[in-house]
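Trainee: Please pick a single part of this model and take me through it closely. I would like the surroundings first and then the detail.

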Amino acid sequence: VPGGLHLVHIDVLVVRIRNLGFNCIRLPVSVEYVLTDPSINNSAVSANPQLANITWRTMFRATVHAIAQAGLMVIIDRHMLWAGNNPSNVSMASGLWYANDISASDNVKALELLAEMTANESLVVG
């Protein structure tokens with residue numbers, strides 16, 4: 001879940017970012033969450049009740065939509081294999097787009113899912 005959604009409503013947050021002069025937001029994702037679509041922790045979105053009791057993909061779509069509605073471009077960053085601050089995410093031993101538990105084809109499937117989820121958002125640029 002993007003940081004800050006437990007403190008500020010997404011609509012307020014993206015307008016604040018736009019008003020600071022930014023024109024895009026880099027939105028990091030993990031292959032693990034794209035593929036498994038877990039339920040999100042409600043405490044991570046406590047300032048956004050519309051995001052409570054949903055899965056990661058639904059939260060991701062809503063976040064991308066809110067960013068785009070504010071007129072900001074979205075750069076999707078397939079940042080990590082696994083979610084969270086996991087030591088394997090920074091280890092060169094895990095490889096760049098595959099590891100013991102996540103194959104190169106899993107990574108491609110995650111990218112395809114991200115493309116499908118954001119195909120109707122014209123401000124998704126990467």
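Mentor: About 7,200 Å² of the protein is exposed, and carbon and sulfur atoms supply 56% of that area (Shrake-Rupley method, 1.4 Å probe; for residues, only the protein chains shown count as cover). This is a predicted model, in which local features need pLDDT of at least 70 and side-chain atom pairs pLDDT 80 or more, while totals for chains, interfaces and linings use all residues. Residues are numbered from 1 along each chain as its sequence is written, and side-chain values use heavy atoms, without hydrogens and water.

Of the 126 residues, 34% are buried (buried is under 20% relative accessible area, exposed over 50%, partly exposed in between; 1.4 Å probe, protein chains only). The protein has 5 helices and 2 strands, in the order α-β-α-α-β-α-α (DSSP runs numbered from the N terminus: helices are H or I with at least four residues, strands E with at least two).

The part to look at is helix α5, residues 104–118. Its 15 residues should span 21 Å at 1.5 Å a residue (1.5 Å times one less than the number of residues), and the end C-alpha atoms are indeed 21 Å apart. Which residues of α5 are buried? They are Asn107, Ala110, Leu113, Leu114, Met117 and Thr118. Seen down the axis, these buried residues fall within an arc of 120°, so they line one face of α5 (the arc is that of the directions from the helix axis to the C-beta atoms). An α-helix has 3.6 residues a turn, so residues three or four places apart point the same way. Ser105 and Glu116, on the other side of α5, are exposed.

The buried face of α5 packs against β1, α2 (31–36), α3 (56–69) and β2 (contact means heavy atoms within 4.5 Å). Two of these neighbours, β1 and β2, are joined by a salt bridge between Arg26 and Asp77, 2.4 Å from N to O (a side-chain nitrogen of Lys or Arg within 4 Å of a carboxyl oxygen of Asp or Glu). Arg26 and Asp77 are 51 residues apart; Arg26 is partly exposed at 49%, whereas Asp77 is buried at 17%.

Another neighbour, α3, holds Trp56 and Phe60, 4 residues apart, about one turn of the helix. Trp56 is buried at 4% relative accessible area, and Phe60 is buried at 2%.
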